[in-house]
Amino acid sequence: MPAYTLDHWEDRSGHRLTWRFGYRGTVAEFGRIEVVYPARRLGERHVTEAGGDFVPAASFVGWAYGRKPSLHLAKLSVGGAGVRLRRNRWARTRAGRALRMEVSGREYRYLATSARHRDRALIREGVEIRTTRHGRGARKKATLTVLGPADATDLALAAVLCGVNTRNLTRGGAVRAFFHRSLDWLEIFQ
């Protein structure tokens with residue numbers, strides 16, 4: 001059960017709208033992986049990008065929630081191909097609320113593994129990559145624990161999702177996100 005650690009990094013040069021954040025590290029035979037958020041801003045949407053030496057480029061676009069894109073109005077692409085995302089936002093369980101996607105003919109689920117927003121798992125048949133974000137400030141890290149024969153696509157998906165706000169995968173996180181969006185919506189009318 002190999003585990004790989006990606007260190008958090010920040011680039012706060014220039015205007016605050018150009019600041020970049022992310023994770024980077026080396027993952028065994030897949031080489032260096034880097035996650036950048038927001039890599040770009042598209043109006044009210046932010047883009048997170050992940051790529052590396054031997055993993056396909058992945059990008060996630062979603063409604064901005066802080067510095068990261070959220071699952072609201074989201075789009076994902078891996079290796080330049082668009083990926084259809086599905087989720088049941090009304091489900092009561094974490095397994096029911098999972099983000100579902102099909103990449104390269106394989107079905108994936110991305111779900112919360114605890115009530116905390118830092119613990120997630122990307123699952124496909126025979127492979128699971130558990131993601132845990134921990135630490136604060138300069139000591140912040142993301143740990144990817146790989147169970148099964150993961151390939152470059154699996155790692156690209158797990159990495160790009162480290163730079164996405166996935167609080168909606170838990171009921172408590174969904175409630176907080178709903179109130180956040182509602183307050184943003186009310187600002188439009190003022």
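I began with phenylalanine 21, which counts as buried because its relative accessibility is 2%. A reminder to myself before going on: this is a predicted model.

**Entry 1: the aromatic pair**

I searched the whole structure for aromatic pairs and got one. Phenylalanine 21 and tyrosine 37 make up that pair, with ring centres 6.2 Å apart and 25° between the planes. I filed the pair as stacked, because planes under 30 degrees apart count that way. Phenylalanine 21 belongs to strand S2 (residues 20-26) and tyrosine 37 to strand S3 (residues 32-42), so the pair ties together parts 16 residues apart in sequence. Tyrosine 37 is buried as well, at a relative accessible area of 4%.

I then checked what sits over the ring of tyrosine 37. Lysine 68 lies over its face, 5.1 Å from the ring centre.

**Entry 2: backbone oddities**

Which peptide bond is cis, with omega near -25°? I found it while still at tyrosine 37: it is the bond from tyrosine 37 to proline 38. Proline 38 has its place in strand S3.

Next I looked at positive phi values. Most residues other than glycine have a negative phi, and most peptide bonds are trans. Alanine 28 is not a glycine, yet its phi is positive, at about 35°. I located alanine 28 in the loop between S2 and S3; it is partly exposed, with a relative accessible area of 41%. Leucine 73 has a positive phi too, near 55°. Its loop runs between strand S6 (68-69) and strand S7 (75-78), and leucine 73 is partly exposed at 43% relative accessible area.

**Entry 3: strand S10 and its partners**

I walked along strand S10 (residues 99-103) and noted how its side chains alternate. Leu99, Met101 and Val103 point to one face and are buried, while Arg100 and Glu102 point to the other and are not.

Which strands pair with S10? On one hand there is strand S9 (residues 85-86), antiparallel over two bridges. On the other there is strand S11 (residues 106-112), also antiparallel, joined to S10 by five bridges. Methionine 101 makes a handy reference point: leucine 85 stands opposite it, and in S11 its bridge partner is tyrosine 108. S10 and S11 form a hairpin with two residues between them, and serine 104 in the turn has a positive phi of about 55°.

I spent a moment on leucine 85, which is found in S9. It counts as partly exposed because its relative accessibility is 22%, and buried means under 20%. Beyond residues up to four places away in sequence, leucine 85 touches Phe60, Ala74, Lys75, Leu76, Leu99, Arg100 and Met101.

**Entry 4: the nonpolar core**

In soluble globular proteins, nonpolar side chains tend to be buried together. Here I found that the largest nonpolar core has 41 residues. Among those with the most contacts inside it are Leu76, Met101, Leu122 and Leu157. Helix H1 (residues 152-162) supplies the largest share of this core, nine residues.

I picked leucine 157 for a closer look. Leaving aside neighbours within four places in sequence, leucine 157 is in contact with Leu76, Val78, Met101, Val103, Tyr108 and Leu122. So Met101 and Val103, from the buried face of S10, turn up again in this list.

**Entry 5: salt bridges**

How many salt bridges does the structure hold? I listed nine. Glutamate 49 and arginine 40 form one of them, with the closest N and O atoms 2.3 Å apart. Both ends are partly exposed: glutamate 49 at 28% relative accessibility and arginine 40 at 38%.

Arginine 124 and aspartate 154 meet in another, at 2.9 Å from N to O. That pair links distant parts of the chain, with arginine 124 in strand S12 (residues 119-124) and aspartate 154 in helix H1, 30 residues apart. Are these two buried or exposed? Both are buried. I also saw that salt bridges with shared partners join Arg106, Arg124, Asp151 and Asp154 into one network.

**Entry 6: threonine 170**

Last, I looked at threonine 170, in the loop between H1 and helix H2 (171-188). It is buried, with a relative accessible area of 7%. Outside its neighbours within four places in sequence, its contacts are Arg94, Arg97, Ala112, Ser114, Ala115 and Arg120.

Key. Residues numbered from 1 in each chain as written. Predicted model: local features only at pLDDT ≥ 70, side-chain atom pairs only at ≥ 80, totals over all residues. Heavy atoms only, no water. Buried < 20%, exposed > 50% of the residue type's maximum accessible area, 1.4 Å probe, protein only. Helix = DSSP H or I, 4+ residues; strand = E, 2+ residues; numbered from the N terminus. Pairing = 2+ DSSP bridges. Contact = heavy atoms within 4.5 Å. Core = buried A, V, L, I, M, F, W, Y, C linked by side-chain atoms within 4.5 Å. Phe/Tyr/Trp six-rings, centres within 6.5 Å; stacked < 30°, edge-to-face > 60°. Lys NZ or Arg CZ within 6 Å of the ring centre and 35° of its normal. Salt bridge = Lys/Arg side-chain N within 4 Å of Asp/Glu carboxyl O.
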